[in-house]
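Dear colleague,

Please find below the structure that I promised to hand over to you. My account of what was found in it follows directly after.

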Amino acid sequence: MSVATSSEPFLTSSGRPVSSPLKDVRTLSRQMVGHFIENVVPCATLPGEALHGDVTTITRVCLELTRSMLDGQDLPGRTERVQAAAAGWAREGIPIDTIHHAIHEGFKLGFDLILAHGTTRDHATIAGVALRLMEALNMITSAVSVAYVRELRSVISEHHTAVHTLTSALLGGQSTSTMARECGIEVADQYHVVGLELPRHPDEFDSRLDANVVARRKLRRVQAELANRCGGKVLSLLSVDGGTLLLPAPRFSDSDLDELIVQLSAAAQVPVRAVAMAAVPADIPKVAEQVHELVDIVHRLGGESRVYRPNELAFEYQLTRPGPARDYLSSVLDSLEAHPDLLLTLEVHMATNMQRNRTARRLHVHANTVDYRLKRIAEITGFDPTDLTGLCHLRAALLIRSHRGRAAARTRGSQCLDTLAG
């Protein structure tokens, strides 16, 4: 970007160029930086070397650029220097609002200096000065914004890649000491390993919308909320369906995790379910596998949106482990295979916490029909869903049946991949 040469004559006031007060740019740039330190609160927090080095230099460049525009001259290459400085500030983490605030303060000071040398007869000249100063301000702020955002995107991309690499290494059980040092991310002594499920957003079912776009937007909202809530301390691998979070245990309490899932649910606009376990880095791969097995169980149980701990799911988890009890309970519902309406009624009745009216509404049938079907289930299976003992057996049988179905699907998928590979 370069400054276009103006065809208009020099702006003069009292017989001399209006740019005269800005002639000594070196002295004036130091004075402006001193003003920034004293009056622009965010600038006072910047490192001294930044203020007296880079900031002073760029202030001088901006003054030279503004003076050239007031004189109708072209100074090629000046905005490129401003952009280079803005990119450096983005990488150093200097807030963009601080930069823009300082730029506007500098223009106000420059305009005050010019006005101090004007007279009542210079009204037209001052109007021209204001116009050119606005043009210069627009040019400089645009240059800063473009360069800052471009560099910030690059920084974010680099950080995202580093986080992805380190998280993958921790979940894969790889050595991370060298990798963490290269990424600039400290590995904690212990992590909360959190498995997440992100259900489909209602808009993903809308045929008028692109389901993939809706899902990606949901994921971006979750990632933005994580960045906002966790301050860059979270390691994550997420997809539109869920994923894994690694949160340093010393920095996040159990109540922090509970609140985080509430906020992620609000951001995703879907009920997020999660399971959390603590683990040292060496145990993360094994623990991650366990939490995702438990997330799968919570999903099949239709659990509410919150963080679950392993002790809350011990009974359900044990039911899915191989053994004679599982084999027996797995066969309890086989007799309902020929009666899909009864099987569906049982599943919905469990999901509605055994509330017959809610079950009837979900199935779009009369409540008496639900009673009749529950009675038939008791007759066919030998377990009465209205009796506590029968209910426990049937609930366990449904869980095992669901787990068995998923295991079979995974086996079929693996066989298909083996066939293709062969």
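A network of salt bridges links Arg200, Glu204 and Lys218 in this predicted model. Within the network, the side chain of Glu204 meets that of Arg200 at 3.7 Å, N to O. Glu204 counts as buried, because its relative accessibility is 10% and the limit for buried is under 20%. Arg200, at 44% relative accessibility, counts as partly exposed.

The whole structure contains 11 salt bridges. Another of them joins Arg208 to Asp206, with the closest N and O atoms 2.9 Å apart. Arg208 is exposed, its relative accessible area being 74%.

A further salt bridge is formed by the side chains of Arg229 and Glu225, at 2.8 Å from N to O. Both residues belong to helix α8 (residues 211-230), and because they are four residues apart there, about one helical turn separates them. Glu225 is buried, with a relative accessible area of 15%, whereas Arg229 is partly exposed at 43% relative accessibility.

Which residues does Gln263 touch, leaving aside those up to four places away in sequence? They are Glu225 and Arg229, the two partners of the salt bridge just described. Gln263 itself is found in helix α9 (residues 254-268) and counts as buried, at 18% relative accessibility.

I turn next to a pair of helices. Helix α14 (residues 356-363) packs with helix α15 (residues 367-381) at an angle of about 105°, and their axes are 8 Å apart. The two helices are therefore roughly perpendicular, since angles of 65 to 115 degrees are counted in that way. On the side of α14 the contact is made by Arg356, Asn357, Thr359, Ala360 and Leu363, and on the side of α15 by Ala367, Asn368, Val370, Asp371 and Arg373. Four of these contact residues are nonpolar, three are polar and three are charged.

The last residue to report is Leu394, which lies in helix α16 (residues 388-421). Is Leu394 buried or exposed? With a relative accessibility of 0%, Leu394 counts as buried. Not counting residues up to four places away in sequence, Leu394 touches Val332, Leu333, Leu346, Met350, Ile377, Thr381, Phe383, Asp384 and Pro385. One of these, Leu333, is 61 residues from Leu394 in sequence, yet their C-alpha atoms are 7.8 Å apart in space.

Yours faithfully

Methods: Residues are numbered from 1 along each chain as its sequence is written. This is a predicted model: local features need pLDDT of at least 70, side-chain atom pairs count only at pLDDT 80 or more; totals for chains, interfaces and linings use all residues. Side-chain values use heavy atoms; hydrogens and water are left out. Axes are lines fitted to C-alpha atoms, for helices over the stretch in contact, and angles run from 0 to 180 degrees between N-to-C directions. Angles under 35 degrees count as roughly parallel, over 145 as roughly antiparallel, 65 to 115 as roughly perpendicular and the rest as oblique. Contact means heavy atoms within 4.5 Å. Ala, Val, Leu, Ile, Met, Phe, Trp, Tyr, Cys and Pro count as nonpolar, Asp, Glu, Lys and Arg as charged, and the others, Gly among them, as polar. Buried means under 20% relative accessible area, exposed over 50%, partly exposed in between (1.4 Å probe, protein chains only). A salt bridge is a side-chain nitrogen of Lys or Arg within 4 Å of a carboxyl oxygen of Asp or Glu.
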